[in-house]
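I opened this notebook to keep a record of what I looked up, one entry at a time. The sequence and the structure come first, and my entries follow.

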Amino acid sequence: MFPPIPNPTTQATPAKFGEKDLIRRSASTVVPPAQRQTEVAKLIDVSKCIGCKACQTACLEWNDLREDVGVNVGLYDNPHDLTPNTWTLMRYTEWENPASGNLEWLIRKDGCMHCEDPGCLKACPSPGAIVQYSNGIVDFVKANCIGCGYCVKGCPFNIPRISQVDHKAYKCTLCSDRVAVGQGPACQKACPTQAIVFGTKDEMKKWADGRIQDLKARGFDKAGLYNPPGVSGTHVMYVLHHNDQPHIYAGLPDNPRISPIVEVWKGVSKYAGMAVIGLTAVAGVLHHILQGPNRVSEEDEENADKLAGGKT
Amino acid sequence: MSNQDKGEAHLRVPRYSGSARINHWIVAVSFVLLLLSGLSLFHPSLYWLSGLFGGGATVRWLHPWIGVVLVVGFLGLFIRFFWQNLPEFTDFVWLARIRHVLTANDHYLPEVGKYNAGQKFVFWSQAVLVATLFITGVGLWEPGLAYFESLFGFKATIDQLRLAALLHAGAAVLAITIWIIHVYAAIWVRGTISAMTRGFVTGGWGWRHHRKWLRKEVEKGEIERPKVTAAE
């Protein structure tokens with residue numbers, strides 16, 4: 001058993017991280033803090049998950065969210081997708097293992113992965129609407145969000161959702177408010193099987209190693225840690241029994257990375273675009289300085305008069 | 001202009017009707033508003049422009065609606081000026097002598113009709129870009145996208161929407177560049193702006209820049225000759 005995080009004191013405690021610990025801020029340049037905080041991570045061990053949805057409930061409760069009553073279409077997934085109010089969602093897949101012929105019930109807790117290289121933040125046009133703390137948490141700052149949906153296009157995991165009520169983007173915060181006072185996320189706290197554990201990223205990797213060895217000993221020789229390098233690693237990681245094919249877990253991307261289209265859109269196109277517009281304006285000014293205005297001469301007017309005079 | 005300063009009476013040639021001018025200025029004002037609001041989300045260094053509209057959240061919903069106004073207005077201009085912007089042989093001669101255009105050696109240029117090849121280029125490129133900006137813009141406009149998706153029964157993929165964002169930015173850059181050329185040409189070629197503000201140009205302007213068009217207008221016989229004292 002992973003040692004549980006002790007309960008907090010009842011005394012007010014100062015936040016362990018804040019504005020001064022930002023390493024990235026959307027549409028802004030920040031001076032990164034001299035010292036980076038220890039990176040935190042949530043480890044979701046899919047092989048231990050029993051699909052009870054305690055994490056989903058804890059998330060709603062801690063974050064004071066309500067979900068509309070939905071419709072049953074014969075799936076356990078409830079609601080059917082992430083929503084502005086459902087920041088984490090159990091996704092159930094019935095998968096027939098071609099090697100063994102067994103039916104495997106794959107249950108993955110979906111939600112923000114807190115990428116080290118966050119596509120949402122890089123796509124965001126609004127200064128300070130998305131921030132990344134030096135401990136790895138990527139958080140949306142509601143007050144600065146304009147609801148444009150660029151984060152949705154930037155995200156390689158299809159996580160952010162735009163509320164139709166207040167037109168702001170929402171996703172898992174990794175319970176940044178709880179982590180700030182030394183607690184683990186609400187979902188982790190509620191998990192009855194320790195399928196969700198929380199700690200420093202190094203601790204989580206080490207803990208995952210033990211789990212992976214155990215799974216390999218049980219015949220899952222492709223078991224492994226999902227910490228995708230395409231986004232420079234994540235601060236929510238999975239232990240997968242079939243780490244060679246993440247996509248079988250309800251479409252978890254095999255090789256997630258920020259889309260090259262988004263990279264071009266948010267990278268070279270900005271500079272090229274500003275340059276093209278600027279150079280055109282400069283060319284106009286230079287042309288006018290060198291060439292002077294193109295005036296109609298008295299002779300032109302007389303010629304026109306003659307032309308009209310001949311006709312009228 | 002110098003002629004006008006002297007109070008001499010020259011030909012006034014009507015170039016744009018009142019409705020054409022109103023139509024043009026609706027498009028022009030919405031273009032400038034789109035440019036300012038669009039640029040505010042294009043690059044962080046220009047985000048302050050969103051303050052002109054009351055903040056980023058207002059830009060987010062207002063920009064698409066101004067876009068709708070522009071599209072409808074541009075459609076009006078397109079229908080009005082379509083026939084006069086069809087390419088003809090003279091355009092290629094004009095383009096081949098672009099050096100003389102830029103050095104204002106108008107006497108080396110062929111006689112052109114209502115629009116020269118440069119103006120036609122502006123017309124057609126903006127027509128293509130406005131269409132591109134509208135289609136890609138819908139992809140970035142959540143309620144608009146939902147409307148068109150239900151109207152046409154499709155669901156845009158995330159990669160299509162990403163591409164829409166990139167193309168929207170690229171088309172906007174081109175449209176702004178061509179707009180700069182359009183505005184600069186109107187300023188550089190003196191006597192042009194009155195065509196869109198007052199509706200007429202002087203005969204000399206027509207003779208110098210659009211002689212074929214002037215000849216036709218003269219043949220129609222609708223040219224007014226102001227009194228000697230008119231100071232316009």
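The entries below go from chain B as a whole to its helices, then to its contact with chain A, and finally to one glycine.

**Entry 1: chain B as a whole**

Before anything else I noted that this is a predicted model. I then looked up the secondary structure of chain B and found 11 helices and 2 strands, which from the N terminus on follow the order α-β-α-α-α-α-α-α-α-α-β-α-α. For the extent of the chain I wrote down a box of roughly 60 × 40 × 35 Å, which the C-alpha atoms of chain B fill along the principal axes. Of the 232 residues in chain B, 35% are buried. I also looked at how far apart in sequence the contacting residues are: among the contacts in chain B with a separation of 6 or more, 69% join residues 24 or more positions apart.

**Entry 2: α6(B) and its two partners**

Next I asked how α6(B), residues 117-139, packs against α8(B). The two helices meet at an angle of about 150°, and their axes are 8 Å apart. Since angles over 145 degrees count as roughly antiparallel, α6(B) and α8(B) are therefore roughly antiparallel to each other. The crossing in which α6(B) passes α8(B) is left-handed, and their contact has 13 nonpolar and 10 polar residues but no charged ones.

I then turned to α3(B), whose axis comes within 10 Å of that of α6(B) and crosses it at roughly 150°. That angle makes α3(B) roughly antiparallel to α6(B), and I recorded this crossing as left-handed too. On the side of α3(B) I listed B:P64, B:G67, B:L70, B:V71, B:F74, B:F78 and B:F81, which meet B:F123, B:A127, B:V130, B:F134 and B:G137 in α6(B). By class, the contact of α3(B) with α6(B) has 10 nonpolar residues, 2 polar residues and no charged residues.

**Entry 3: where chain B touches chain A**

How many residues of each chain are in contact with the other chain? I found 48 residues of chain B in contact with 44 residues of chain A. The elements of chain B that give two or more residues to this side are α2 (18-42), α3 (56-81), α8 (158-188), α10 (203-209) and α11 (211-220). The largest share comes from α8(B), with 16 residues. Sorted by class, the side of chain B that touches chain A holds 27 nonpolar, 13 polar and 8 charged residues.

I also checked how chain A is divided, and noted domain 1 (19-68 + 76-258) and domain 2 (267-311). The centres of these two domains of chain A, taken over C-alpha atoms, are separated by 56 Å.

**Entry 4: one glycine, B:G203**

My last question was whether B:G203, which is found in helix α10 of chain B, is buried or exposed. A residue counts as buried if 20 or more other C-beta atoms lie within 10 Å of its own, and B:G203 has 28 within that distance, so B:G203 is buried. Leaving out residues up to four places away in sequence, I found that B:G203 touches A:E301, A:A304, A:D305 and A:A308 in chain A, together with B:H10, B:L11, B:V13 and B:L214 in chain B. Lastly I compared B:G203 with B:T177, from which it is 26 residues apart in sequence and 30 Å apart in space, C-alpha to C-alpha.

Key:
Residues numbered from 1 in each chain as written. Chains lettered and ligands numbered in written order. Predicted model: local features only at pLDDT ≥ 70, side-chain atom pairs only at ≥ 80, totals over all residues. Contact = placed C-beta atoms within 7 Å. Helix = DSSP H or I, 4+ residues; strand = E, 2+ residues; numbered from the N terminus. Nonpolar A, V, L, I, M, F, W, Y, C, P; charged D, E, K, R; others polar. Domains from an automatic or database assignment. Axes fitted to C-alpha atoms, helices over the stretch in contact; angles between N-to-C directions. Parallel < 35°, antiparallel > 145°, perpendicular 65-115°, else oblique. Left-handed = near helix turned anticlockwise from the far one by under 90°. Buried ≥ 20, exposed ≤ 12 C-beta atoms within 10 Å, placed from the backbone.
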